Amino acid sequence: MTETTATTDELMEATYAALCKHGYASLRMRDIAAESSKSKATLHYHYESKQNLLYALLDYLTDSFAEQIETLEGETAAEQILALVDSYLEPAADDSLPEFRTALLEIKAQGPYDDRFRAELAEFDRMLRGRIRSLIEDGRDEGIFRSDVDPDETAEFIVTVLNGAQTRHVAVDHPLERTRNALETYVRRELVADDTDDPEAQFE
C-alpha cells in the first residue's frame, strides 16, 4: 500500500466515523480531523472543503461496495442475489451503522440540489442495478430463472425495494429483515423457473 493510498483510506475512515457521530448537517472539518491522525490543515490540503470530502467518501464507498458484490457467496444466481441483498441491507456488524444510514439519507436528500452528490448517487445506482441485472441474466441463461424474466425491469424493481427499505428503516424503524424475507419470497415465486429440478436447491 502506497503512502497516498494509506492517507486516502485513513481520511475516508475518519470521514465515515465523523459523519456517523455528527450527521451531515452538523459535520465540520475539525470533526473529521479529530477522527484522524492528520491535522485539519492536511485535510484541507487534500480536500478543499467538507463537501469535497463527502463527494470522495461516496465515491470510495461505491468502489468498496462494487468490489464486495463482485464475488458473492452462493453457488446459484438465486443465492448470489440474496447474498447481495444481505450485503446492502446488513453491510457489517457495526454499532455506527444506524447513524451512518441516517446520515446517508441526509446526503441523498441533497441530490436534487447538488449536482455532484446526484452524480455520485447515480453512479452507485447504476453499479447496483448493473450487478443485479448481470446475475439475473446469468440465472436465466443457466435455466435457474424463468426465460421470460426481464433482467432490466427486475433489477429496477429490486433496487427500488432496497432503497425504499433503507429509507423506511431510518424513518420509522421498519425491520430490514422483513424486506429481506419479502425479497427471498419474490425470488422464489417470481424468478425461479417452475421446471427447475429442485427449486429449493437454489437456496441451500
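Asp138 is partly exposed (20% to 50% relative accessible area, with buried under 20% and exposed over 50%; 1.4 Å probe, protein chains only), because its relative accessibility is 36%. This residue is placed in helix α7, which covers residues 115–141; helices are DSSP runs of H or I with at least four residues, strands are runs of E with at least two, and both are numbered from the N terminus. Asp138 also belongs to a surface patch of negative charge, together with Glu137, Asp141 and Glu142. Such a patch joins like charges within 9 Å, taking residues with over 30% relative accessible area and no salt bridge, a salt bridge being a side-chain nitrogen of Lys or Arg within 4 Å of a carboxyl oxygen of Asp or Glu.

The structure is a predicted model, in which local features need pLDDT of at least 70 and side-chain atom pairs count only at pLDDT 80 or more, whereas totals for chains, interfaces and linings use all residues. Residues are numbered from 1 along each chain as its sequence is written, and side-chain values use heavy atoms, without hydrogens and water.

The chain contains nine helices and zero strands. Of its 204 residues, 44% are buried. Along the principal axes, the C-alpha atoms fill a box of roughly 65 × 40 × 30 Å.

An unreviewed UniProt entry lists the feature "domain: HTH tetR-type" at residues 5–65; UniProt annotations may be inferred rather than shown by experiment. This span is 84% helix and 0% strand, with its end C-alpha atoms 17 Å apart. UniProt (unreviewed entry) also gives residues 28–47 as "DNA-binding region". Residues 28–47 are 65% helix and 0% strand, and their end C-alpha atoms lie 13 Å apart.

How values were computed:
Patch = residues over 30% accessible without salt bridge, like charges linked within 9 Å, V, L, I, M, F, W, Y side chains within 5 Å. Areas by Shrake-Rupley, 256 points an atom, 1.4 Å probe, with all protein chains shown as cover. Lys, Arg positive; Asp, Glu negative; His and termini not counted. Charge placed at Lys NZ, Arg CZ, Asp CG, Glu CD.
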